[in-house]
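Trainee: I would like to learn how to read the packing of helices and the pairing of strands in a model. Could we go through one together?

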Amino acid sequence: MLHTQLEHRPAKPLPVVIIGNGPSGICLSYLLSGNVPYVRRDSVHPNPILQRKLEELPEVSILDQDLEYLSEGLEGRSSSPVALLFDSLLRPDTDFGGTAESVLTWWHQPERAVPHLVLGKTLPGGAWHSIEGSMFTLSQGEWMGLPDVPFKDWLSKKKRGFRNNRATAGDIVQYYQYYVAKKELRKNFLCGLLVTCVKKLSVEPGSGCRAQDSGDGSSPCTLPETLQAHHQEENGTLFKVEGLVTTVGGTQPFSIYAENVVLATGTYDSPSWLGVPGEHLPFVHHTLSALEEAVKSKEMGMMSDPILIVGAGLTAADAILFAHHCNVPVIHAFRRRVNDPGLIFNQLPKTMYPEYHKVHQMMKEQAIPCPGPYECYTSLPEHHVVSFTEDRKCIFSDKNGHRKMHNISMAFVLIGSNPNLSYLPNNGMDLAVDGGQLVSSKRNPIDTDPFTYECVHEKGLYAMGPLAGDNFVRFVQGGALAIASSLMKKADKHPP
Ligand SMILES: Cc1cc2nc3c(=O)[nH]c(=O)nc-3n(C[C@H](O)[C@H](O)[C@H](O)COP(=O)(O)OP(=O)(O)OC[C@H]3O[C@@H](n4cnc5c(N)ncnc54)[C@H](O)[C@@H]3O)c2cc1C
């Protein structure tokens with residue numbers, strides 16, 4: 001299927017190409033496949049203002065209503081009004097500990113479907129493929145579900161349950177693949193594709209087309225005549241999406257033309273680096289999976305020099321728990337004070353997250369010079385890594401600028417990650433809220449319209465998920481609602 005789709009040269013560009021096949025891409029594909037949400041007749045939303053608004057147009061699908069009006073005044077754990085709206089329709093009283101059913105009912109209306117493809121490097125599921133399968137979610141398991149297939153129902157069919165209301169990454173990735181199959185979305189998904197370039201094209205009469213503002217000095221490219229005619233007729237936007245497709249037969253280039261492109265590539269592809277000398281040495285790694293592989297291949301053990309874990313976020317904590325479980329000695333260095341209120345451990349309730357509470361306790365009790373009860377673990381709060389040396393030493397500086405050196409067997413720098421937008425001109429910086437800085441989900445997301453998620457600086461381009469500042473699965477779904485609503489309105493203006 002993959003090859004026939006790519007080899008077939010269409011007479012028209014595709015209306016939509018979605019890059020990234022994580023929960024964002026899956027949810028959007030579900031909506032664009034003609035699955036349309038309406039309010040259930042007998043439902044009563046616990047928010048009386050929203051209930052009153054929903055009663056005004058009971059026959060009109062949510063996708064066709066005014067999302068700005070419906071979401072006005074909603075409050076919650078996201079700053080996106082549409083994310084709050086969709087979450088509140090799907091999980092009406094979840095923030096108050098309730099389990100009320102969704103007020104939505106889903107109708108399959110194939111005539112509303114917008115043709116699209118979802119391109120991804122791996123199987124559908126996104127970042128969840130690279131998270132160790134036994135790790136528990138930070139969020140409640142129920143919040144990891146996608147529309148119309150409650151995660152809890154799928155889990156109970158598998159005869160499994162939540163632990164402390166949390167789910168494992170392994171179950172989540174299986175659920176996303178089940179969802180794609182169950183909702184008959186597979187035909188839209190092309191896996192094993194790495195997108196390397198997205199260009200907006202401007203057609204120059206008689207001469208072909210040129211990539212706009214690509215900044216790469218690219219020469220005009222040849223646009224198939226049928227597409228050129230279509231483009232001039234429609235006078236719309238046109239993008240060329242290029243990349244590499246890998247199959248059993250090898251790796252080949254591909255290109256697809258699209259009227260709209262959705263960026264849903266998440267923010268977990270480029271781990272952050274410290275930027276210190278020696279960080280490129282082969283014993284210094286930047287992913288948790290490298291630790292898992294090293295333990296599996298017995299590269300280190302109880303008798304080795306300790307491993308170094310740098311960072312005080314949840315991935316660093318997961319690495320400490322994993323190493324502790326495998327009896328691997330650990331030195332743990334991080335910049336903050338253990339009681340810093342900004343430290344994630346100081347924000348998590350102890351009863352729900354006992355394992356992270358344990359790591360926090362170790363960080364507090366096991367600091368040099370007074371080692372505490374935990375063998376094989378040493379905490380270095382308020383320490384910076386200065387450099388790594390070829391003979392596997394790490395030099396640190398403490399808060400007073402005093403330097404010390406430790407022998408280590410391997411190092412794991414787990415200090416966060418950044419999106420990899422190398423497939424966009426200028427690494428996507430021109431699309432960001434602050435165009436002078438790299439895109440970052442927390443500090444500098446892509447600048448999008450809050451009710452359509454279309455990029456403010458590039459019409460026809462949309463961004464969703466962490467790229468647009470929605471960092472939790474529960475809230476990426478609002479972006480899908482906004483984009484599907486916008487694209488369906490565009491499709492209604494230009495019927496096929
Ligand atoms: C360790 C960890 C724990 C987390 N815990 C939680 C939690 O408890 N609750 C929660 O709600 N969220 C959690 N998250 C965040 C959650 O993973 C994201 O919110 C969610 O996955 C975002 O979905 P997405 O589809 O936008 O992006 P992703 O899931 O990141 O998917 C994007 C996909 O696009 C692919 N891609 C990237 N570039 C290209 C390219 N050039 N060509 C083709 N494909 C490309 C990527 O490989 C990836 O498969 C966690 C994340 C991590 C890393």
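Mentor: We shall go from the whole chain to its strands, and then to a pair of helices. Please keep in mind throughout that this is a predicted model.

Trainee: How many helices and strands does the protein chain have, and what percentage of its residues is buried?

Mentor: The protein chain has twelve helices and 20 strands, and buried residues make up 41% of its 496 residues. Sequence separation adds to this picture, since among the contacts between residues at least 6 apart in sequence, 66% join residues at least 24 apart.

Trainee: How do I judge whether a strand such as β4 is covered or not?

Mentor: One asks how many of the strand's residues are buried, a residue being buried if 20 or more other C-beta atoms lie within 10 Å of its own. In β4, residues 116-120, five of the five residues are buried. His116, Val118 and Gly120 point one way from the strand, whereas Leu117 and Leu119 point the other way, and all are buried.

Trainee: Which strands pair with β4, and in which sense do they run?

Mentor: Strand β1, residues 14-19, is joined to β4 by four bridges and runs parallel to it, with Val16 standing opposite His116. Strand β5, residues 189-191, also pairs with β4 in the parallel sense, over three bridges, and here Leu119 of β4 stands opposite Leu190 of β5.

Trainee: Why is β2 said to be largely enclosed, and what is its partner strand?

Mentor: The reasoning is again by burial: four of the five residues of β2, residues 35-39, are buried, so the strand is largely enclosed by the rest of the structure. Its partner is β3, residues 104-108, which is joined to β2 by five bridges and runs antiparallel to it; the bridge partner of Asn35 is His108 in β3.

Trainee: Turning to helices, at what angle do α2 and α12 pack, and why are they called oblique?

Mentor: Angles under 35 degrees count as roughly parallel and those of 65 to 115 as roughly perpendicular. Helix α2, residues 23-32, and helix α12, residues 473-493, pack at about 40 degrees with their axes 9 Å apart, and they are therefore oblique to each other. The crossing of α2 past α12 is right-handed. Among the residues making the contact are Pro23, Cys27 and Leu31 of α2, and Val476, Ala480 and Leu487 of α12.

Trainee: How many residues of this contact are nonpolar, polar or charged?

Mentor: The contact of α2 with α12 divides into twelve nonpolar residues, three polar and no charged.

Conventions:
Residues numbered from 1 in each chain as written. Predicted model: local features only at pLDDT ≥ 70, side-chain atom pairs only at ≥ 80, totals over all residues. Axes fitted to C-alpha atoms, helices over the stretch in contact; angles between N-to-C directions. Helix = DSSP H or I, 4+ residues; strand = E, 2+ residues; numbered from the N terminus. Parallel < 35°, antiparallel > 145°, perpendicular 65-115°, else oblique. Left-handed = near helix turned anticlockwise from the far one by under 90°. Contact = placed C-beta atoms within 7 Å. Nonpolar A, V, L, I, M, F, W, Y, C, P; charged D, E, K, R; others polar. Buried ≥ 20, exposed ≤ 12 C-beta atoms within 10 Å, placed from the backbone. Pairing = 2+ DSSP bridges.
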